[in-house]
Every structure is written in C-alpha cells, then in structure tokens.
Amino acid sequence: MKQDDAIKKALKRQPYAELSPDFASQTIKKIYRIEARRRKRLFILNLCGLAGASSGLIFLAGYLMRNYWHAFKLTMPSLNISPEAIIQYRFGFYIASLILILAITDYYARHFFFKKKRKN
Amino acid sequence: MNHSDEIIYIKRILDGETHLFSYFLSQYGNAVFSLIVRIIDSKEDAEELTQDAFVKAYKKLNSFKGECSFYTWVFRIAYNTAVSATRKTKVILPVIDESIINRISDEDAIAAFEENDNENLLMQLDIALAQLNMEEKTLITLYYNENRPIADIASIMNLSADNVKIKLYRIRKKLFAIISANTQL
C-alpha cells in the first residue's frame with residue numbers, strides 16, 4: 001500500500017499548519033499551574049491527615065485517661081511579688097517598650113525609604 | 001533521543017523536574033498538531049486540543065509504563081481528545097453507497113493512485129480527502145503522512161492490525177469511488 005504516491009502527494013500538498021511560536025511556553029506554564037495546584041492540594045491533604053491523626057490521638061488519650069479525670073485538680077500558681085521587685089519590673093517594661101517602639105519605627109522608616117527609592 | 005532516554009526523562013519529570021516536559025512539547029507538538037488540525041479543520045481549535053492532549057499526557061504520565069513509545073502514547077491521547085471534541089459538533093459528510101465501494105476491485109484502486117504527476121487527479125484527491133470521516137483522516141494521516149507502521153496505528157487508534165489494513169484498503173476504494181462520482185458529474 002506504500003506505493004500510493006498520488007495520495008501521499010495530495011496529503012503533502014495540503015496547507016501545512018504550524019503551531020504558534022509560544023505554544024510550548026504557554027503549555028509549560030499551564031503545566032506549572034497544574035503542578036502547583038496539585039502540590040497545594042497534596043499539602044492540604046497532608047495537613048488534614050496530620051490534624052485528623054492528632055485529633056484521634058488526643059481523643060484516644062482522653063478516652064484512656066477517663067478514669068483518672070476526677071482526680072485532677074487544676075490549681076493556678078500564686079505569684080508573690082515584693083514592692084521592690086515591682087519597681088524593677090516596671091523599669092524593665094519601660095525599656096522593652098522603648099525598644100519595641102524603636103524597632104517598629106525603624107521597620108516603617110526602612111519600608112518607606114525603599115518604596116520611595118523603587119519609585120524614583 | 002531513543003526510547004530508554006525518554007523513559008529516563010519521564011522518571012525525572014515524575015521526580016519533580018517539570019521543566020523537562022518541554023522536550024516532549026518541542027519534539028512531538030507539531031506532529032500532534034498536524035494530526036489534529038486535519039481532523040478538526042480549525043487551526044485555533046486544533047491548537048487548543050493539542051494543548052489539552054499534552055496536559056492530559058502530563059497528568060497521566062505516571063501511568064506511562066514504556067510498553068510503547070512516547071510518540072504512540074501521546075498520539076493515542078491526542079486522538080481520543082480529538083474524538084471527544086468532535087462528538088460535540090455534528091459534521092455532515094456525504095454518504096457513499098457501500099455497494100459502490102464493494103464493486104471497486106483492488107486492482108483498480110491500486111492503479112488509480114500509482115500516478116502522482118496527474119494534476120487533475122491530485123485536485124480530485126484534495127476534494128475526496130475532505131469528504132473522509134475523522135477515523136479515515138486519522139488513518140491516512142498516520143499511514144501516509146507520518147509514515148507510522150501498522151502496529152503503531154493500531155495501538156494509537158485502539159484497533160487490531162488487520163482492522164487497520166482493511167480500513168486502509170476501504171479508504172483507498174472510497175477515495176476512488178468519490179473521484180469517480182465527481183468526474184462523472
């Protein structure tokens with residue numbers, strides 16, 4: 001059947017259509033998107049699995065300890081702070097607040113500086 | 001790149017090197033597109049279907065066991081994608097009476113297409129080729145244009161090798177019948 005030269009020639013004469021030049025890049029982009037979605041789905045699935053397993057373990061622990069619950073007595077520890085220590089704590093808190101304010105100011109100053117630099 | 005190299009590439013893609021899939025796109029993209037564009041007759045739709053076929057191939061890549069070449073495998077996906085797409089759109093093709101096709105002898109059909117310099121015959125063939133259905137267009141494209149062996153075509157189209165041969169004989173007779181009918185008019 002390979003001798004059907006007329007059919008071969010007629011097929012070859014038909015206008016040759018070519019893919020657009022960006023076909024490969026568009027397709028690979030689409031594949032990357034699919035891959036990213038798949039990985040995200042897998043991550044969520046793993047997270048759900050871990051959460052389920054953790055919940056199960058907590059529930060199991062609670063179930064196994066059901067006979068001991070009545071013996072539990074939760075008491076908060078009492079804090080005894082002397083008046084001298086309160087002054088020291090206040091000073092420490094004051095210094096920490098100052099450092100925090102300075103750090104926040106520095107962060108925003110840098111942020112605006114680089115934003116302005118990028119705009120220029 | 002040979003078959004075993006392609007399998008290594010596929011393993012690497014499955015291990016996370018997604019960018020390597022661009023090799024298969026550049027290697028087989030145009031061949032798959034040229035098959036689909038002959039079936040669909042619309043360049044834009046054919047390009048979209050080619051992309052769909054490759055995306056499907058990527059998604060199913062872990063099911064590729066290497067029993068056939070990647071070429072055959074991706075063409076099977078592309079053919080099935082094109083079949084699914086054409087199912088939605090109804091194309092009306094002229095019906096050729098089966099008895100007319102059956103009356104044509106093998107010798108007549110073989111002799112008719114031996115000559116390749118007859119301009120009138122080539123023009124008539126152009127018209128006749130457009131009247132073939134999707135399966136027939138795929139068969140002749142793969143056999144005459146892509147020069148694929150019968151076994152590959154059978155694998156792509158999910159047919160037996162004997163069935164492919166019979167269908168190719170029938171296509172030749174059908175083309176002969178269409179040309180005869182057109183020249184008698």
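This is a short talk on a predicted model of two protein chains, A and B.

Okay, housekeeping before the fun part. Residues are numbered from 1 along each chain as its sequence is written, and chains are lettered from A, with ligands numbered from 1, in the order in which they are written. Since the model is predicted, local features need pLDDT of at least 70, side-chain atom pairs count only at pLDDT 80 or more, and totals for chains, interfaces and linings use all residues, while side-chain values use heavy atoms, with hydrogens and water left out.

So, how far does the predictor trust this? For the complex, the predictor gives an ipTM of 0.76 and a pTM of 0.71. Then there's pLDDT, the predictor's confidence in each residue, from 0 to 100. Chain A has a mean of 89, with 98% of its residues at 70 or more. Chain B averages 85, and 95% of its residues score at least 70.

Let's take chain A. You'll see three helices and zero strands; by helices and strands I mean DSSP runs, H or I of at least four residues for a helix, E of at least two for a strand, numbered from the N terminus. From the N terminus on, that reads α-α-α. The radius of gyration is 35 Å, well over the 14 Å that the globule rule gives for 120 residues, so chain A is more spread out than a compact globule. That radius is taken over C-alpha atoms, and the rule is 2.2 Å times the number of residues to the power 0.38. Along its principal axes, the C-alpha trace of chain A spans about 105 × 65 × 10 Å. Confidence in chain A is lowest in helix 1, at a mean of 81, and highest in helix 2, at 94.

Over to chain B, with 10 helices and zero strands. Its C-alpha trace spans about 60 × 30 × 30 Å along the principal axes. Helix 6 of chain B, residues 106-112, has the lowest confidence in that chain, a mean of 73, and helix 3 has the highest, at 93. One reminder: where pLDDT is low, the predicted coordinates should not be read in detail.

While we're in chain B, where does Leu159(B) sit? Leu159(B) is in the loop between helix 9 (150-157) and helix 10 (161-184) of chain B. Leaving aside neighbours within four places in sequence, Leu159(B) is in contact with Glu135(B), Ala154(B), Val164(B) and Lys167(B), where contact means heavy atoms within 4.5 Å. Leu159(B) and Ala46(B) are 113 residues apart in sequence and 24 Å apart in space, C-alpha to C-alpha.

Now the interface. Here, 30 residues of chain A are in contact with 44 residues of chain B. The area buried between them is about 3,500 Å², with carbon and sulfur atoms giving 63%; buried area is the accessible area (1.4 Å probe) that two parts lose on being put together, summed over both.

How many salt bridges are there between chain A and chain B? Just the one count to report: one salt bridge, that is, a side-chain nitrogen of Lys or Arg within 4 Å of a carboxyl oxygen of Asp or Glu. Lys30(A) pairs with Asp52(B), the closest N and O atoms being 3.9 Å apart. That pair crosses between chains, from helix 3 of chain B (residues 43-59), where Asp52(B) sits, to helix 2 of chain A, which holds Lys30(A). Over all chains, a search of the whole structure finds eight salt bridges.

That's the tour; happy to rotate the model for anyone.
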